[in-house]
Amino acid sequence: MALILDGRKVARAVRDDVRALAQAYKDRKGRPAGLAIAQVGEAVASDVYTRALLRAAESVGVRASVVTLPEDIDDEGLRAAIETLNADDETQGILMQLPLPPQLSPRTVAEAIDPHKDVDGASLRSAGNLFLRFPSFVPSTCAAVVELLDRYDIPLAGKRVVIVGASNVVGKPLAFLTLSRDATVTICHVYTRDLAAWTRQADILIVAVGKPGLIAAEMACPGAVVVDVGINVQADGNIVGDVDYPAVAQVAGAITPVPGGVGPLTNLMLLKQTLLGRQLWSTE
Ligand code: NAP
């Protein structure tokens, strides 16, 4: 049986570190760090994530607030709302909840968020920093994957990393993040032919697609580290990842469960980046 990469256990340790950073921020500034969570509309798909993030922020001592924008807001309105947050001294981090409604362009967010407050790595500047291997904010899910591997002393340098999924928020930034840690990286996506031929080559297989059961036991190399980023809510309300966990756990060397793998770390990494913001940039 594979070693279980226990995100909940790691999250307890990370939470203590983030709490200490939040306290240090408060001691320095005389007030807690502020995170603005912007979302379009009241009943958005991301609402459950927003509530979890509010709880996580409270648990570490970051003042998080939700900025709800009108359902029918246009790009100009969204840009203006983001610029208001950019100018607010009490807002150290800005998170724009996705997905955006169809009338809005993702480009507006990428262009408008002040790169110094872009704690979920959504801006053009953050993407460029990551590409150029400069210190950078990165999407928090990607930071969570690397944190989990680091906490289990799983090295990336020289390893064959195969990432299934090429989205702007998970697959692509994770590819650059693991490349910047000297892994040899392959990205697979919906047009990849013979997916199994690629996944079987992975020392570290990271899956971020949103399709339950996509990765079967014969698609993992024996002994591989398998990180499942997928979150799929089933008809019975249960949450599963993209990996056939019971079967793959028989061949993998280490594996993340879903839930309880990457998920518990994601919000904490966002809060960590909110608190580290200026420090991250000062090393650039
Ligand atoms: P997304 O934007 O829908 O991207 C999915 C990616 O998977 C795309 O690149 C797509 O390829 C690729 N893909 C689709 N079908 C495929 C197939 N059969 N074989 C290979 N690749 C395929 O999703 P996302 O936002 O990246 O999220 C991915 C999953 O991670 C979802 O389940 C989401 O809920 C979960 N997630 C988890 C966390 C967390 O904190 N744990 C955070 C964010 C997301 P193309 O690019 O060619 O279309």
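**Val 209, the ligand shell and some unusual backbone spots**

Setting aside neighbours within four places in sequence, Val 209 is in contact with Val 164, Gly 165, Leu 214 and Asp 242. This comes from a predicted model, and the residue sits in the loop between strand 7 and strand 8 (225-228). Another residue worth a look here is Asn 232: 23 residues separate Val 209 and Asn 232 along the chain, and their C-alpha atoms are 9.6 Å apart. Is Val 209 buried, partly exposed or exposed? With a relative accessible area of 39%, Val 209 counts as partly exposed, because that class takes in whatever falls between the buried limit of under 20% and the exposed limit of over 50%.

Now for the ligand. A shell of 19 residues surrounds it, and the closest are Ala 166, Ser 167, Val 190, Ile 231 and Thr 266. Sorted by class, that shell comes out as 10 nonpolar, eight polar and one charged residues. Which atoms of Ala 166 and Ser 167 pair up with the ligand? For Ala 166 the partner is in the backbone, where a polar atom lies 2.7 Å from an oxygen atom of the ligand. For Ser 167 the side chain is involved, with an N or O atom placed 2.5 Å from a ligand oxygen. Lys 211 also joins in through its side chain, a polar atom of which is 3.2 Å from a nitrogen atom of the ligand. As for cover, the ligand taken alone exposes 930 Å², and the protein buries 69% of that. Interface size is often quoted in just this way, as the accessible area lost when the parts come together.

Zooming out, the domain assignment splits the protein chain into domain 1 (29-114) and domain 2 (140-263). Taken over C-alpha atoms, the centres of domain 1 and domain 2 are 28 Å apart.

Helix 7 spans residues 171-180, and its buried residues are Gly 171, Pro 173, Leu 174, Ala 175, Leu 177 and Thr 178. What do these buried residues pack against? On the helical side, the partners are helix 5 (124-131) and helix 6 (140-151). Strands contribute too, namely strand 5 (160-164), strand 6 (184-188) and strand 7 (204-207).

Just past the end of helix 7 comes Asp 182, with a positive phi of about 70 degrees. The loop between helix 7 and strand 6 is where Asp 182 lies, and a relative accessible area of 43% makes this residue partly exposed. A second aspartate does something similar: Asp 194 is not a glycine, yet has a positive phi of about 50 degrees. Asp 194 is placed in the loop between strand 6 and helix 8 (195-199).

Two peptide bonds also stand out. Going from Leu 98 to Pro 99, the bond is cis, with omega near 0 degrees. Pro 99 belongs to the loop between strand 4 (93-96) and helix 4 (106-112). The bond from Val 258 to Pro 259 is cis as well, with omega near -5 degrees. In this case the proline is in the loop between strand 11 (254-255) and helix 10 (263-282). Why flag these spots at all? Most residues other than glycine have a negative phi, and most peptide bonds are trans, so exceptions are worth noting.

How values were computed: Residues numbered from 1 in each chain as written. Predicted model: local features only at pLDDT ≥ 70, side-chain atom pairs only at ≥ 80, totals over all residues. Heavy atoms only, no water. Near = heavy atom within 4 Å. Polar contact = N/O pair within 3.5 Å; in protein donor to acceptor, adjacent residues only side chain to side chain. Areas by Shrake-Rupley, 256 points an atom, 1.4 Å probe, with all protein chains shown as cover. Nonpolar A, V, L, I, M, F, W, Y, C, P; charged D, E, K, R; others polar. Domains from an automatic or database assignment. Buried < 20%, exposed > 50% of the residue type's maximum accessible area, 1.4 Å probe, protein only. Helix = DSSP H or I, 4+ residues; strand = E, 2+ residues; numbered from the N terminus. Contact = heavy atoms within 4.5 Å.
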